[in-house]
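Here is a quick walk through the pockets and the overall build of a protein chain. Have a look at the structure first, then read on.

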Amino acid sequence: MSFWSVFSVTFLLGLGGAMSPGALMTYTIFKSLEAKQKAWLVGFFISLGHALIEILLILLLLVGSEPFFSKPIIFIIIGVLGGSLLIFFGVQILLDIKRDKINTSF
């Protein structure tokens, strides 16, 4: 594959992931609404944390940890932990709505 075909495919995949709403965007919106003043800092720090985790993963892959991450048990562990975290965030949002910590009237 040429450089431009690899670039195009990875760019479109990244763009698709960035443009589609997901758990991180939902979390950012709710935390921004909760913060009220200086809500822009919420988005900044969540984006910064997300970027740092991705940079760490890229660095780990660059130093040769690809065989470790390609093991099926690691996929399962990451999937279970990630799924559990998404469920935790969802339950927290629902509990905050129930406790009237989040204003749902628009």
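Which helices each supply at least two residues of the lining of the largest pocket? Helix H2 (23-35) and helix H5 (72-98) do. Helices here are DSSP runs of H or I with at least four residues, strands are E runs of at least two, and both are numbered from the N terminus.

Before going further, some ground rules. This is a predicted model, in which local features need pLDDT of at least 70 and side-chain atom pairs count only at pLDDT 80 or more, while totals for chains, interfaces and linings use all residues. Residues are numbered from 1 along each chain as its sequence is written, and side-chain values use heavy atoms, with hydrogens and water left out.

**The two pockets**

A pocket is an open set of points on a 1 Å grid over the protein atoms alone, where a 1.4 Å probe fits and protein lies on both sides within 12 Å along at least five of seven lines; lining residues have an atom within 4 Å of a point. Points are joined across faces, edges and corners, and the volume is the space filled by probe spheres set on them.

| Pocket | Volume | Top contributor | Lining by class |
|---|---|---|---|
| Largest | about 280 Å³ | H5, five residues | seven nonpolar, two polar, no charged |
| Second largest | about 230 Å³ | H3, eight residues | six nonpolar, two polar, one charged |

For the classes, Ala, Val, Leu, Ile, Met, Phe, Trp, Tyr, Cys and Pro count as nonpolar, Asp, Glu, Lys and Arg as charged, and the others, Gly among them, as polar. The lining of the largest pocket includes Ala23, Leu24, Tyr27, Ile46 and Phe89. Around the second largest you'll find Leu24 and Ile46 again, with His50 and Glu54 also among the lining residues.

**Leu41 on helix H3**

Leu41 sits in helix H3, which spans residues 39-62. Is Leu41 buried, partly exposed or exposed? Leu41 is partly exposed, because its relative accessible area is 25% and buried means under 20%, exposed over 50%, and partly exposed in between (1.4 Å probe, protein chains only). Leu41 and Phe88 lie 47 residues apart in sequence and 23 Å apart in space, C-alpha to C-alpha.

**The whole chain**

Overall, the protein chain has five helices and zero strands. Its C-alpha trace spans about 50 × 35 × 20 Å along the principal axes. Just 9% of the 106 residues count as buried.
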